[in-house]
Amino acid sequence: MKQPVILGIESSCDETAAAVIRGRTLLSDEIISSASVQAKFGGVVPEIASRAHSDAVDEVVLRALRAANVKKEELDAVAVTYGAGLLGALLVGLSFAKGLAYGLGIPLVGVNHIRGHLAASYLEDETLTPPFMTLLASGGHTAILHTKTKTEFEVLGGTLDDAAGEAFDKVARVLGLPYPGGPHVEALAREGRNVVPMPKMLKGMGGFDFSYSGLKTHIINYVHTKEQRGEAWSKADVAASFQSAALDILADKTVEAALGRNVKTVTAGGGVIANGYLRERLQEQCTRHGLKLVLPAKKHCTDNAAMIAAEGLIRYEAGDFSPLSLNAAASIPLR
Ligand code: KG4
Ligand code: ZN
């Protein structure tokens, strides 16, 4: 059977990305990032992001087709992120994808960005099939999901306030680290020790829900108190202590959920899954309990178009095409 060739386009935040897949095989994976421009402003400025996407979208798509050695006429569908994200940014990728699909006379497949993160694991292991327990941890979402089929999942629990990535970004700010904070906190944590007491609340909560705002407030108070008293404190130790408090719970609860539901495989997705400490904790826990762990490559955890193509393939196979009137959506509920 002929494997569909799908172009994925992603432009929800500050990465303009395009990728081509043939079936589950990734043929190319290109990205043009405006993160270094955004870093000067300490976060993503929507207007700057939209203009950067507009500059980059045709170039990144051409690069992806060239690297895949695929002519645009060979494409079977164009998959594109339509939400959630920054409206102006989404509209650039979406409008480009619509024009391309219309011009080529092939289906447009609108992809939910978060479902893209969840589909990234399929690229890592071509034999991977549900059911599995999935940890989603990005800048906007943190949840544990029971993935039942390629298109159905049940949310078992998640953050009650900030997402894990958001907590990393906020703590990075307190520590004077640049945006996006996650990778900088991780690097600093490697030089520190887990010796700063963190609130117990995180571990004490029942079910599969968790909260990050208390942890963040605790760190702000710790730093202010130390500075007011003129006492020495170690940024690296705070980073290491925060990182283990914030991430141990994710690994523990995901594995607990898998064991509770008798699910033998664990997958994950989202920018925070690029964190080496979290990847090690998940591996340790899964090995201990005899579970199979499939993690996307680090570059497929943070925003990319390969995952959009992967989710696009699932939609394409289900015949779930989008009309050319599809609009961008700033938020799409997870629950
Ligand atoms: O999935 P993603 O790229 O974008 C969203 O869809 O939100 O996630 C971005 C988030 C940011 O908050 C960033 O700080 C965090 O993922 N992140 C990390 C790491 N790399 C990215 N957090 C912890 N450790 C990392 N290595
Ligand atoms: Zn994302």
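What follows is a short chat about a predicted model of a protein chain with a zinc ion.

Q: Which protein atoms are the donors of the zinc ion (ligand 2)?
A: His-113 and His-117 each donate through NE2, and Asp-303 through OD. The donors lie 2.0 to 2.1 Å from the zinc ion.

Q: What spacing do those donors follow along the chain?
A: The spacing is H-x3-H-x185-D.

Q: Where do His-113 and Asp-303 sit?
A: His-113 is in helix α4, which covers residues 113–124. Asp-303 is in the loop between β10 (292–294) and α11 (306–317). The two are 190 residues apart, so the pair links distant parts of the chain.

Q: Is His-113 buried or exposed?
A: Buried, with a relative accessible area of 7%.

Q: And Asp-303, why does that one count as buried?
A: Because its relative accessibility is 18%, and buried means under 20%.

Q: Changing topic. How many helices and strands does the chain have?
A: Eleven helices and ten strands.

Q: How compact is the chain?
A: As compact as a globular protein of that length, because its radius of gyration is 20 Å, close to the 20 Å that the globule rule gives for 335 residues. The C-alpha trace spans about 65 × 45 × 30 Å along its principal axes.

Q: What share of the residues count as buried?
A: 54% of the 335.

Q: What about the exposed area, how much of it do carbon and sulfur atoms supply?
A: They supply 52% of about 14,300 Å².

Q: Last one: how many positive and negative side chains are there?
A: There are 34 positive and 36 negative, and the centres of the two sets lie 3 Å apart.

Note on methods:
Residues numbered from 1 in each chain as written. Chains lettered and ligands numbered in written order. Predicted model: local features only at pLDDT ≥ 70, side-chain atom pairs only at ≥ 80, totals over all residues. Heavy atoms only, no water. Donors = N, O, S within 2.8 Å, 3.2 Å for Na, K, Ca; no water. Helix = DSSP H or I, 4+ residues; strand = E, 2+ residues; numbered from the N terminus. Buried < 20%, exposed > 50% of the residue type's maximum accessible area, 1.4 Å probe, protein only. Rg over C-alpha atoms; globule rule 2.2 N^0.38 Å. Areas by Shrake-Rupley, 256 points an atom, 1.4 Å probe, with all protein chains shown as cover. Lys, Arg positive; Asp, Glu negative; His and termini not counted. Charge placed at Lys NZ, Arg CZ, Asp CG, Glu CD.
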